[in-house]
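Open the model in your viewer and keep the selection tool at hand. The stops below go in order, each with something to select and a note on what is there.

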Amino acid sequence: ENNSETATQEQNNTSEKKYLSQPLVSDIYTADPSAHVFNGKIYIYPSHDIEAGTPENDNGDHFDMRDYHVFSMDSVGGKITDHGVALDIKDIPWAGRQLWAPDAAHKNGTYYLYFPVKDKQDIFRIGVATSTSPSGPFKPQPEPIPGSFSIDPAVFTDTDGTSYMYFGGIWGGQLQRWQTGKYDSTAAPEPSGNVAALTPKMAKLSSDMLTFDGPVKDVVLLDKEGKKIMADDHDKRFFEAAWVHKYNGKYYFSYSTGDTHFINYAIGDSPAGPFTYQGVLLNPVEGWTNHHSIAEFKGKWYLFYHDTQLSGKTHLRNIKMTELKHRSDGTIETINPML
Ligand code: FUB
């Protein structure tokens, strides 16, 4: 009898899903969490997923979001505050559809919310909105950032005060449509064969944080032999969700591999790269997309990510956080979202 009880228990244990961490927010769906520490608190700038009823396809039309909420936490594991609607698509004069993964920055008493949205020609551009408060509401500039394109802006401010935007995403993120410098809606979703993968992009931000100061540059990702990551290497090549953090004087570029669902990371000596591939930072989560950010709070580092624990649906996600550990050699311990 004892044996059969043990067998039942084991069955229960194996059929029950065990998540590394639990959703931070459960009354609305949230995704793509970009976290920053402002005024001693953690602020999270996520996408706000909704059931818009738009059919699913490879371009991500089912991610049909219309506003952003900002969240804050005084302590890890403490209460999370929803500050309400921080920016609504109806208030962005040039926007068409799909408010995707945002990021935020702070300079001289102003907070900046950077966001990708399709314009009225259905071309993704990156916009910026400002507020005197980290929780908004944010007032958008009347036009997108000149020269911006594609998705997933991530703004990193270096210790010298210079800010850089990293951005780009292939397939539905449209990065592949800009290879000639002009928009080409006929481009294949990504290159294939014996060619280098498409690179994420970066640009220095102007001192007012509202425009690019200088050209948009390629962010070169190299393998450990110093060769460019190749287009067919879907376990390693950049797909979307760029993020940069600085640790012990080194620059860490992390990103999603999209259809293979990893968050990988690469290390460089300068914010402009090149960055050398190191390995997987976060293994695949439940749901198709994997999108993260990394922030230091009170001497510890945290990974912010999402999965679909609450809904079981790829376009209705929930944000989570967990501790991230750098080893003494600077590499990062791989995080498994399921136990
Ligand atoms: O949330 C919409 C899009 O899905 C994001 O911009 C991508 O990074 C992916 O998470």
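**Stop 1: the ligand**

Select H291 and the ligand together: a polar side-chain atom of H291 lies 2.6 Å from an oxygen atom of the ligand. Keep in mind throughout that this is a predicted model. Add D152 to the selection, where a polar side-chain atom lies 2.5 Å from an oxygen atom of the ligand. Then add A101 and show its main chain, since the contact here is from the backbone: an N or O atom of A101 lies 3.3 Å from an oxygen atom of the ligand. How much of the ligand's accessible area does the protein cover? On its own the ligand has 270 Å² of accessible area, and the protein covers 99% of that.

Now extend the selection to the whole shell. The residues surrounding the ligand are D32, S47, M65, W100, A101, D152, E240, T289, H291 and R317. Colour them by class, and the shell shows four charged, three polar and three nonpolar residues. If you display pockets, look for the ligand in the second largest one.

**Stop 2: an aromatic pair**

Hide the ligand shell and show the aromatic side chains. The structure holds 24 aromatic pairs. Select one of them, F38 with Y111: the two rings are edge-to-face, with 5.2 Å from centre to centre and 75° between their planes. Which strands does this pair link? F38 belongs to strand 1 (residues 29-38) and Y111 to strand 7 (residues 110-119), so the pair ties together parts that are 73 residues apart in sequence.

**Stop 3: the backbone**

Switch to a main-chain view for the last selections. As background, most residues other than glycine have a negative phi, and most peptide bonds are trans.

- Select N108, in the loop between strand 6 (103-107) and strand 7. Its phi is near 45°, which is a positive value in a residue other than glycine.
- Select G136 and P137. The peptide bond from G136 to P137 is cis, with omega near 0°. P137 is in the loop that runs between strand 8 (124-131) and strand 9 (139-140).
- Select G273 and P274. These residues are joined by a cis peptide bond, with omega about 0°. P274 is located in the loop between strand 17 (263-268) and strand 18 (275-282).

Key. Residues are numbered from 1 along each chain as its sequence is written. This is a predicted model: local features need pLDDT of at least 70, side-chain atom pairs count only at pLDDT 80 or more; totals for chains, interfaces and linings use all residues. Side-chain values use heavy atoms; hydrogens and water are left out. A residue is near a molecule or strand if one of its heavy atoms lies within 4 Å of it. A polar contact is a pair of N or O atoms within 3.5 Å; within protein, one must be able to donate a hydrogen and the other to accept it, and residues adjacent in sequence count only if both atoms are side-chain atoms. Accessible areas come from the Shrake-Rupley method with a 1.4 Å probe; for residues, only the protein chains shown count as cover. On a 1 Å grid over the protein atoms alone, a cavity is a set of points where a 1.4 Å probe fits but cannot get out, and a pocket is an open set with protein on both sides within 12 Å along at least five of seven lines; lining residues have an atom within 4 Å of a point. A molecule sits in a cavity or pocket if more than half of its atoms lie within 2 Å of its grid points. Ala, Val, Leu, Ile, Met, Phe, Trp, Tyr, Cys and Pro count as nonpolar, Asp, Glu, Lys and Arg as charged, and the others, Gly among them, as polar. Rings of Phe, Tyr and Trp (its six-membered ring) pair if their centres lie within 6.5 Å; planes under 30 degrees apart count as stacked, over 60 as edge-to-face and the rest as tilted. Helices (H or I, at least four residues) and strands (E, at least two) are DSSP runs, numbered from the N terminus.
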